[in-house]
Amino acid sequence: MAEAKPRLTRRGFLAAGGAALLGVAAVGTVAGSAGLGEPDPDAVRLGDFWLFGRYEDGCADLEFDEIDLSPVQLPHCVTPLSWTGWQPPSWQDRWIYRKHFTVTAAMTAERVRARFDGVMTNAAVYLNGGLVATHEGGYLPFEVELPQVTMGDNVLAVVVDGRWQLDVPPNLPSAAGPSAIDFYQPAGIYRPASIGTVPRTRLADVFARPVDVLGPGRSLHLTCELDTTVALGEPLQVTASVRQAGRELARGGTTVAPMPVGTRTVEFDVGGLGAVRLWDVEDPALCDVVVSVRSGPRALDQQVVRVGFREAEFTPDGFFLNGRRLKLVGLNRHQWYPFAGGAMPDRVQRRDAEILRRELNCTMVRCSHYPQSSAFLDACDELGLLVWEEIPGWGRIGDAAWQQQNFRDVSGMIIRDRNHPSIIVWGTRVNEANGTTAMYDRTGKLARKLDPSRPTSGALATTTGARYAGSDVEILAYNDYTARRGAPFQLRPPRAGVPYLVTETIGTIAGVRAYRRIDPPATQQLQAELHAKAHDLAAADDRYCGLLAWCAFDYPSGWQRSVGGSKYAGVADFFRIPKPAAAFYASQGDPRVRAVVEPGFAWDFTASPAGPGRAATIWSNCDRLLLFLDDQPAGEARSRRAELPHLKHPPFAVDLTVPRGRRPQLRIDGYVGDRLVVSRRFSGDRTRDVLGCVPDDTQLRADGGDATRVVVSALDRFGTLRAGATGQVTLALTGPGELVGDTTVDLGATGGAAAVWLRPFAGPPGTLTLTARHDTLGTATATVTTTASGSEGGARS
Ligand code: GAL
């Protein structure tokens, strides 16, 4: 066999000859394989120049006339979408994607594979006209071996079936189709895909499991899948080097007897890890584990997996991380975005984790209700954001075929994600569905076999949940929607004797049907108050391991209580722009890191000409707040600690009644101890409002697979969002990239702010300039430069 000269990357290496490769840490061969490790971030992705169109007979044939297909870049959604009002018929169809690629002599010396991180919903993969694999389910990766490739031009054709699938969770037999569950799932090759070579003898998967993290036997247990297509007459050496902050802490290994063609599981331990820095939410110290396979002097394969040493324990007396009590504070996250469906590049996925951890101070997120992008989970590892991950499913269990797919999903999810230290629970029970105990015993057993280090659970519905006592319950996870509308908000008491976690609450069930910035101020404030109250109640009793409220971001849905195809349950909107309820979360962080003063009212004298009134709320992590009107002292805000005694930082109340006709400037000074840590000004004069056009990042890669958000908003002259603004903003983009979004933003419909995303084309570096114009607010621009593909793009604005 050809000898690889590996160049080390994080989870793989580039083969000699520069061929793109799939350094996937995974097993998996052909049709429907579900057992795949994490994707290789260094593999050359097939980002550009797929040809795409609607399915027609013969479209997967080698000779198919491609004249009517359009060039597209992955990740890709089959239909243009807006920020609301999605129409399922626009994606409920079959589609064709075709990719031409060249196979060199160097590539044929190894194994050529294609990997897809996520195709919604079903896929049939053809190579040069012949069917080579099928895959069902939109949330887990699959790989396809392509031994049939020929030297020169080859065509990979993927038929994507985006129709509602009766036997594929979370879809299920229901006449309501896409509206039978509470989220829409537009079709497409909506996550990255890559093609390339892997060695003939490869490490198909590496699971590096920390053991006895807090005890004297701290070590790493390695389970490696070796997979070879050539018989090996000599013994193999498998070694693992554990590195932290660039330093090797320990190494170990084992020798494997000569191997025939096929697979073999190899296990060994690496000890001597006493000096490891633990992974924690405040200090998410990671380790790289470099695993190599050699045969004598010959390097055959190498994988790098990233792990973290932490002990996460759910007990009837609360949750403990590394032996320290930690109240889990979090939100549920759906993965959908305006305009692109699920098809947002990695940087955008990562940004959600940053919002949750850094802006909303969450210590945990629930990936509701399916495995989410690897980029999002990588960011959770890096940021110290704990994760509940669950299999696709919502509300009901399907038939035998459906349950079989559910079983495959459990193994696919765990094998893909078990090296992530951030993940602390496997949701192996279908959200709010009454499967049989036998079924959950089966999936639970499978989960423990694949990963003995994490508990399993599943969110139980309000109707049955708190009483459920199946033997599968390791953590009683409860979607607590018991609070009655109009009555004071309450949580059900935790159930004694079992670890207890609130996995959902509030949503649009406890309060009103929709929380938008265009809704009355009292409605928006109600959402903030409910979230504060829920976390206060959870903090009051140690037996609650924590509370994950519903939810982080608005999402598309045709289910009950949706409005025009959207669910407005997020504390941030669909564009990820915070609503007043986000101010509660923002105010729970450490004031030494970020001092927060967020009024729970709009200082615009529109809804109420006398100002926000006698009991206005201000969310803050300061000790004291002093108020000034036109720089004249206007009193001190009163802490609401008596009402919300268990919050780290309860809000403040203030009397802000202003004589009619006056529109003074408001200043709020925040003190920690005696020290002034923040001073914010708010303008009552709307004639001086301006337009904002602000990118999340100012540098991107020009590789077709990068993007950043630009928030377009009406701002008062001190930079605070003016939710009551109206009028149209027109957007124009120049430069080598795509505007993912509408070219007109109706501020009156979105509540003064919206966003679009900029996605550079693959090609030479350049500059993207987005110009936003509004009749009275003026003009604003966002400038983003792009660097050549392969060089680092990542500077933040
Ligand atoms: C829950 C469900 C969530 C969401 C929520 C509605 O029952 O688990 O996915 O639909 O209701 O607010």
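Helices are taken here as DSSP runs of type H or I with at least four residues, numbered from the N terminus. In the predicted model, helix 6 comprises residues 521-540, and Gln524 is found within this helix. Because its relative accessibility is 10%, and buried denotes a value under 20%, Gln524 counts as buried. The side chain of Gln524 reaches the backbone oxygen of Arg517 at a distance of 3.1 Å. When neighbours within four places in sequence are left aside, the residues in contact with Gln524 are Arg516, Arg517, Ile518, Asp519 and Pro580; Arg517 thus appears both in this set of contacts and as the residue whose backbone oxygen is reached by the Gln524 side chain.

Further along the chain, an open sheet is formed by four strands, arranged in the order 36-35-39-40 with antiparallel pairing. Its edges are strand 36, covering residues 632-636, and strand 40, covering residues 675-682, each of which pairs on one side only. From one strand to the next, the twist averages 25°. Strand 39, which spans residues 666-672, runs antiparallel to strand 40 and is joined to it by seven bridges, and Val672 stands opposite Arg675 of strand 40.

For residues 693-782, UniProt lists, in an unreviewed entry, the feature "domain: Glycoside hydrolase family". Over residues 693-782 the chain is 57% strand and 4% helix, and the C-alpha atoms at the two ends of this range lie 6 Å apart.

Technical notes:
Residues numbered from 1 in each chain as written. Predicted model: local features only at pLDDT ≥ 70, side-chain atom pairs only at ≥ 80, totals over all residues. Heavy atoms only, no water. Buried < 20%, exposed > 50% of the residue type's maximum accessible area, 1.4 Å probe, protein only. Polar contact = N/O pair within 3.5 Å; in protein donor to acceptor, adjacent residues only side chain to side chain. Contact = heavy atoms within 4.5 Å. Pairing = 2+ DSSP bridges. Axes fitted to C-alpha atoms, helices over the stretch in contact; angles between N-to-C directions. UniProt positions renumbered as here; feature names shortened; annotations may be inferred.
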